[in-house]
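Me: I would like to go through this model with you, one question at a time. Could you show it and then take my questions?

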Amino acid sequence: MQFLQNSRRIAKVLKPIVITETNLRFFSSASQISSPFQWRYQSSASSSVSKGIDRCSHSSSMSLLIPRSSFSSEAEKLAGNPTVTVKDLHDKMLNSVNVKRSMPPNAWLWSLIENCQNHDDIHLLFDVLQNLRRFRLSNLRIHDNFNCNLCQQVAKTCVRVGAIDSGKKALWKHNVHGLTPSVSSAHHLLSHALEHKNSELMEEVMQLLKTNDLPLQPGTADLVFRICHDTDKWDLLAKYSKKFSKAGVKLRKTTFDVWMEFAAKRGDTESLWKVDKQRSETYSQHTLSTAFSCAKGFLLESKPEEAAAVIQIICQAYPDEKKSAVSTEFEKLVNDWPVDVIKHQTGEDKKALAASLKSVIPSMVNALLSSGLNVNVDLDELNKNEALLS
């Protein structure tokens, strides 16, 4: 009986110790403990802390006396090669929340964001955000994420320094950094995709919007359509146009400009007239771009008189001070567009279209001259166009 009691007493002593966040805070604040080995709560390396908690929870052989070096190596790995200003702000903010147990001034965080110059700076920024979120939750009992304006600036900064993968984290609904995903943050990434003609990044961002239940907006469509146009991805544009239509997004005039111009450049009159019909349901008047796209459609259908009529109406509607824009579009129609549209054709279709345009474009010009419109175009240059001679 005495042996059984002694066994129970020993079992209680040897029972595994579970480390909680409260314990961690206690040990991190116990600066009076002087020992070459002690537990250091390293907020800036959250992954190593969580792994340490797991090991302590599941192993009775793990001691609380963990070497200081195991955390310093993680901190060095995180630091990398950041700029001096960002590193100083990072250290000051972590010292504030983890040692002084007080929220640092907002100006420090904004200054850190503004001074980020490279990927290592972005790593420190996200480390600060994670620590601030933890402090707000555990000490200030603030469960809300950071405001949208801050999160948009984080995404914008990630794009500015080229840390695109970090920027994508700003679109995650569930994240440890306290970021609030928004379509505006997505637009920074899409603008980067547009600048670099990166349709793959565009598709990733669109998938993130869907996964995180972010609503599509007119600005989103404008960027997506431009990217598809600039990367010559008609099938991709057709795919996303259906998604925007299903979501009830009202497309901007500029979006229809791009859409119809793309259809005309491909020589796809069926799609061109469908898009124009959809445009007319929203906007009663043509823009300069959509009007010239319609003129191109008539030329593709070998109807030079109709094409001339469209251009004449546009010229009459535009004031004198904007006539230069009309002249620019007309020059592009005669000199640049035939090259683009023929390039998208193959085989016999290519030869047939070249022969047709070589005939109908001069007919359109003559019709405009007959109507009294002063058209400044050199048809001799048109006849020398290599695309029409193919």
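Me: At roughly what angle do the axes of helix α14 and helix α15 cross?

Reply: Happy to start there, with a predicted model in which local features need pLDDT of at least 70, side-chain atom pairs count only at pLDDT 80 or more, and totals for chains, interfaces and linings use all residues. Residues are numbered from 1 along each chain as its sequence is written, and side-chain values use heavy atoms, with hydrogens and water left out. Helices (DSSP runs of H or I, at least four residues) and strands (runs of E, at least two) are numbered from the N terminus, and axes are lines fitted to C-alpha atoms, for helices over the stretch in contact, with angles from 0 to 180 degrees between N-to-C directions. The axes of α14 (residues 253-266) and α15 (residues 269-280) come within 9 Å, and they cross at roughly 160°.

Me: Why is α14 described as roughly parallel or roughly antiparallel to α15, and which is it?

Reply: Angles under 35 degrees count as roughly parallel, over 145 as roughly antiparallel, 65 to 115 as roughly perpendicular and the rest as oblique. The crossing is at roughly 160°, so α14 is, relative to α15, roughly antiparallel.

Me: How do the residues of the contact of α14 with α15 divide into nonpolar, polar and charged?

Reply: Contact here means heavy atoms within 4.5 Å. Phe256, Trp259, Met260 and Ala263 of α14 meet Leu272, Val275, Asp276, Gln278 and Arg279 of α15. Ala, Val, Leu, Ile, Met, Phe, Trp, Tyr, Cys and Pro count as nonpolar, Asp, Glu, Lys and Arg as charged, and the others, Gly among them, as polar. The split is therefore six nonpolar, one polar and two charged.

Me: In which crossing, left-handed or right-handed, does α12 pass α13?

Reply: Helix α12 (residues 218-230) and helix α13 (residues 234-246) have axes 9 Å apart and pack at an angle of about 165°, so α12 is roughly antiparallel to α13. A crossing is left-handed if the near helix is turned anticlockwise from the far one by less than a right angle, and right-handed if clockwise. For α12 passing α13, the crossing is left-handed.

Me: How many charged residues are in the contact of α12 with α13?

Reply: From α12 come Thr220, Ala221, Val224, Phe225 and Cys228, and from α13 come Leu236, Leu237, Tyr240, Ser241 and Phe244. Of these residues, eight are nonpolar and two polar, and the number charged is no residue at all, or none.

Me: Which residue in the loop between α12 and α13 has a positive phi?

Reply: The loop between α12 and α13 holds Asp232, which is partly exposed with a relative accessible area of 39%; buried means under 20% relative accessible area, exposed over 50%, and partly exposed in between (1.4 Å probe, protein chains only). Its phi is near 55°, positive in a residue other than glycine. The residue you want is Asp232.

Me: What is the relative accessible area of Ser96, and is that residue buried or exposed?

Reply: Ser96 is found in helix α5 (residues 84-98). Leaving aside neighbours within four places in sequence, Ser96 is in contact with Arg101, Ser102, Met103 and Pro104. Of these, Arg101 lies in the loop between α5 and α6 (106-115) and has a positive phi of about 55° although it is not a glycine. Ser96 itself is buried, with a relative accessible area of 6%.

Me: What separates the C-alpha atoms of Val128 and Leu94?

Reply: Val128 is found in helix α7 (residues 119-138) and is buried at a relative accessible area of 1%. Beyond its neighbours within four places in sequence, Val128 is in contact with His90, Met93, Leu94, Leu109 and Leu112. Val128 and Leu94 are 34 residues apart along the chain, yet their C-alpha atoms are separated by 6.9 Å.

Me: Why is there no bond between the sulfur of Cys116 and its closest cysteine sulfur, and how far away is that sulfur?

Reply: A disulfide is a pair of cysteine sulfur atoms within 2.5 Å, and a search of the whole structure finds zero of them. Cys116 counts as buried, at 0% relative accessibility. Its closest cysteine sulfur, in Cys158, is too far for a bond, at 7.8 Å.

Me: How many helices are there in the protein?

Reply: Buried residues make up 43% of the 390 residues. Among contacts between residues at least 6 apart in sequence, 69% join residues at least 24 apart. There are zero strands, and the number of helices is 21.
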